[in-house]
Amino acid sequence: MWKAIMFINPFREERKKMRLFFFLIICQCAINSVKTHGASNPNFVLLMADDLGIGDLGCYGNKTLRTPNIDRLAEEGVTLTQHIAASPLCTPSRAAFLTGRYPIRSGMASFSRVGVFLFSASSGGLPSEEITFSRLLKQRGYATALIGKWHLGMNCESSNDFCHHPLSHGFDYFYGLTVTNLRDCKPGQGSVFLKGVQKSLVIPMQIAGIALMSLAIVQYIGLFNIPFQALGYCMLITAISLAVLTFFFYHFRHLNCFLMRNHQIIQQPLSYENLTQRLTKEAVQFIERNTEAPFLLVLSYLHVHTALYASKNFRGKSKHGLYGDAVEEMDWSVGQVLDVLEKYNLSNKTLVYFTSDQGAHVEEISSSGEVHGGYNGIYKGGKSMNWEGGIRVPGLLCWPGVIQAGAYIDEPTSNMDIFPTIVKLAKAQLPSDRIIDGHDLMPLLQGKVTRSKHEFLFHYCNAYLNAVRWHPRNSVSNENMRQRAMG
């Protein structure tokens, strides 16, 4: 009986090995491509607190406030330890964040003492010529939404031209406040204007009163013959001025504190009842509407700007009064956003960023004496100051599988860096007709480089340069020069 003999073709086996080899190479290249550039058309969730101190979070050393969800971003992502806001005030800092440019370049830095917009009727705002990351991403087919605080103007020449509104700067959807959260918006929380108005009006009112009394006395004793009509006009002007001021304080809340959905006012005046829950619900629903398409979500919290507030579930639960309650409620909201990303398997496709627009407002104290300002850790100063406490803010970035987990970066970075970072990741074109002051963070976040591209960071008090932060390119040479100078 003949036995079957199987002949093995060595060339066929070699081809199989070669195909397997090339398949493995292609797989490895694909994996490296994902790690290098991230997922195709990644999503972006940008979370911004208001007046939060860098020392208020557990991941930055706080031992008494409970922020497990924000700390989770640090555990699963990168913690920036020298993350710098472009300004210690809301309006200019947020303009820099959206445009990647110092606010002095966009005209969003004031030459007067007041460096922010205080009224809905203010005619100024972020110029239409400025290019925001939301506009560039929208052009790339992204769904874009801003939920929460805007504070970059609303109208130009009429009450409904909306030239500075979020929808005019690249956002498809807006739900929030066009101005800001103020003590005047919440009954019983005092006024941010009253003391200033009192200081500025005391002397003019005294002068006007003395002048009127003097004229009346002179007229009475017959030294001069002053027409009663002139006295009447003076008294009328004084009365009108007082009436305007009274109307302003009485109606401020109704005229300036309102909630909008797109171009429509949906609540006037604003109610703080479950406000964070409402903002969070809007954010979650936006993500749920866009699970199959790339999206940009900017969730700009009202916490922890005064007037402070917290819902029933969080009020009285923290160790730091109403301020602590507000921080812990914001942390809950961050957790809700992270949970919905996980629910729809979007975590690995989404870059999440958490920060504050500037440092804590350390001088804030309520009318009852309760501390309503945050904690800036070891750093001096706070909001409205260019001391480190006013501009060094939390900087957390998380993108599982793409950027490092549990890493700390001690290099100087800026909130302006978010602009080029997400624009490049979305494969949009950076503007070539203007200077972009921010730098792409991805090489740092992925550990490809160890030094920040920022050699200098400029610190302005409104429109006036206060200081320059220098990060020498060759720190070894600089240290040798310093030692020679001292020796």
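Student: I would like to start with an enclosed space: how much space lies in the second largest cavity, and how is such a volume defined?

Tutor: The second largest cavity holds about 50 Å³ of space. A cavity is a set of points, on a 1 Å grid over the protein atoms alone, where a 1.4 Å probe fits but cannot get out, and its lining residues have an atom within 4 Å of a point. Grid points are joined across faces, edges and corners, and the volume is the space filled by probe spheres set on the points. Before we go on, note that this is a predicted model, in which local features need pLDDT of at least 70 and side-chain atom pairs count only at pLDDT 80 or more, while totals for chains, interfaces and linings use all residues. Residues are numbered from 1 along each chain as its sequence is written, and side-chain values use heavy atoms, with hydrogens and water left out.

Student: Which residues line the second largest cavity, and how do they divide by class?

Tutor: For the classes, Ala, Val, Leu, Ile, Met, Phe, Trp, Tyr, Cys and Pro count as nonpolar, Asp, Glu, Lys and Arg as charged, and the others, Gly among them, as polar. Here the lining consists of Phe117, Phe119, Ser120, Ser122, Gly124, Gly153, Met154, Thr178 and Val179, which divide into four nonpolar, five polar and no charged residues.

Student: How many cavities does the search find, and what lines the largest cavity?

Tutor: Over the whole structure the search finds four cavities of 30 Å³ or more, and the largest of these contains about 80 Å³ of space. Its lining is made of Met48, Arg94, Phe97, Leu98, Leu146, Lys149, Trp150, Leu152, Phe171, Val298 and Ser300. By class, that lining has eight nonpolar, one polar and two charged residues.

Student: Which elements give two or more residues to the lining of the largest cavity?

Tutor: Elements are DSSP runs numbered from the N terminus, helices being H or I of at least four residues and strands E of at least two. Those that give two or more residues to this lining are α3 (90-99), β3 (143-149) and β7 (295-300), and α3 gives the most, with three residues. In total the chain has 13 helices and 12 strands.

Student: Is β3 enclosed or open to the surroundings, and which strands pair with it?

Tutor: Buried means under 20% relative accessible area, exposed over 50%, and partly exposed in between, with a 1.4 Å probe and protein chains only. Seven of the seven residues of β3 are buried, so this strand is largely enclosed by the rest of the structure. Two strands pair if DSSP finds at least two bridges between them. β3 pairs with β7 in the parallel sense over six bridges, with threonine 144 having leucine 296 of β7 as its bridge partner. Five bridges also join β3 to β4, and these two strands run parallel; alanine 145 stands opposite tyrosine 173 in β4.

Student: How does strand β2 read by the same kind of description, and which strands pair with it?

Tutor: Six of the seven residues of β2 (residues 78-84) are buried, so this strand too is largely enclosed by the rest of the structure. β2 pairs with β9 (residues 395-398) in the antiparallel sense over two bridges, where valine 78 has leucine 397 as its partner. With β10 (residues 407-414), β2 runs parallel over six bridges, and there threonine 79 has tyrosine 408 as its partner.

Student: How many disulfides does the chain have, and which cysteines do they join?

Tutor: A disulfide is a covalent bond between the sulfur atoms of two cysteines. The rule applied here takes a pair of cysteine sulfur atoms within 2.5 Å, and by this rule there are two disulfides. One joins cysteine 156 to cysteine 163, with S to S 1.7 Å; its torsion about the S-S bond is about 95 degrees, so this disulfide is right-handed. Cysteine 156 is partly exposed at 33% relative accessibility, whereas cysteine 163 is buried at 18%.

Student: What of the link between cysteine 185 and cysteine 257?

Tutor: Here S to S is 2.0 Å, and with -70 degrees about the S-S bond the link is left-handed. This pair links distant parts of the chain, 72 residues apart: cysteine 185 lies in the loop between β4 (173-177) and α6 (194-221), and cysteine 257 in the loop between α7 (228-256) and β5 (259-261). Cysteine 185 is buried, with a relative accessible area of 1%, and cysteine 257 is buried at 1% relative accessibility.

Conventions. On a 1 Å grid over the protein atoms alone, a cavity is a set of points where a 1.4 Å probe fits but cannot get out, and a pocket is an open set with protein on both sides within 12 Å along at least five of seven lines; lining residues have an atom within 4 Å of a point.
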